[in-house]
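Work through the exercises below with the coordinates open. Each task is followed by its solution.

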Amino acid sequence: MSKTHLRRQCQGTTRTGNECRMQPLKGSKWCWNHDPKVVADRAHARSRGGAAGKRATPSEMAGTISLQGPQEALLLLEVAANETLALDNSAGRNRTLVQIALAWARVWEAVALEHRVRALESPSLVGAVPHPTTTGERS
Ligand SMILES: [Zn+2]
């Protein structure tokens, strides 16, 4: 149970009063839904759109984040998933959720592979694994 808290987690609280389980934005203690700066940006975007009180759509929120890498892409997908989950159940909603899950898995896989490659290329490992061109020299 405690292992779930090893992941960086947003300091915010959801509307139902539970702790927010979203991953915080880079350099922030809060996720996209709770970061005061993003919330202010969103309110501004809303007032500009003239639709006061209306919840920001994922595309409105996407306007407040810069997609600098896979972590932001994962965050975007997470927000899209939450927005979609908030909709009434329908075949289209389920299709969208499946697509989000597949896209999320694809990005996640790329991130995991990148981490593994980086670990393999780390200086501490250089020399530890015999390189094919150097092992041939012994004969
Ligand atoms: Zn949050």
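Two exercises follow, on the core and on a helix pair.

This is a predicted model, where local features need pLDDT of at least 70, side-chain atom pairs count only at pLDDT 80 or more, and totals for chains, interfaces and linings use all residues. Residues are numbered from 1 along each chain as its sequence is written.

**Exercise 1.** Find which residues make up the largest nonpolar core, and which helix gives the most to this core.

Step 1. Assign elements: helices (H or I, at least four residues) and strands (E, at least two) are DSSP runs, numbered from the N terminus. The chain has 5 helices and 0 strands.

Step 2. Test burial: a residue is buried if 20 or more other C-beta atoms, placed from the backbone, lie within 10 Å of its own. Of 139 residues, 12% count as buried.

Step 3. Join buried Ala, Val, Leu, Ile, Met, Phe, Trp, Tyr and Cys residues through C-beta atoms within 7 Å; such a set is a nonpolar core. The largest holds 11 residues: Cys10, Met22, Leu25, Cys31, Trp32, Leu75, Leu76, Leu77, Val79, Ala80 and Ile100. Helix H3 (residues 70-85) gives the most, with 5 residues.

**Exercise 2.** Describe how the axes of H3 and helix H4 (residues 91-120) cross.

Step 1. Fit lines to C-alpha atoms over the stretch in contact, and take angles from 0 to 180 degrees between N-to-C directions. Contact requires C-beta atoms, placed from the backbone, within 7 Å.

Step 2. The axes come within 10 Å and cross at roughly 165 degrees. H3 is therefore roughly antiparallel to H4 (angles over 145 degrees).

Step 3. List the meeting residues: among them, Leu77 and Ala80 are on the H3 side, and Ile100 and Trp104 on the H4 side.

Methods
Parallel < 35°, antiparallel > 145°, perpendicular 65-115°, else oblique. Contact = placed C-beta atoms within 7 Å.
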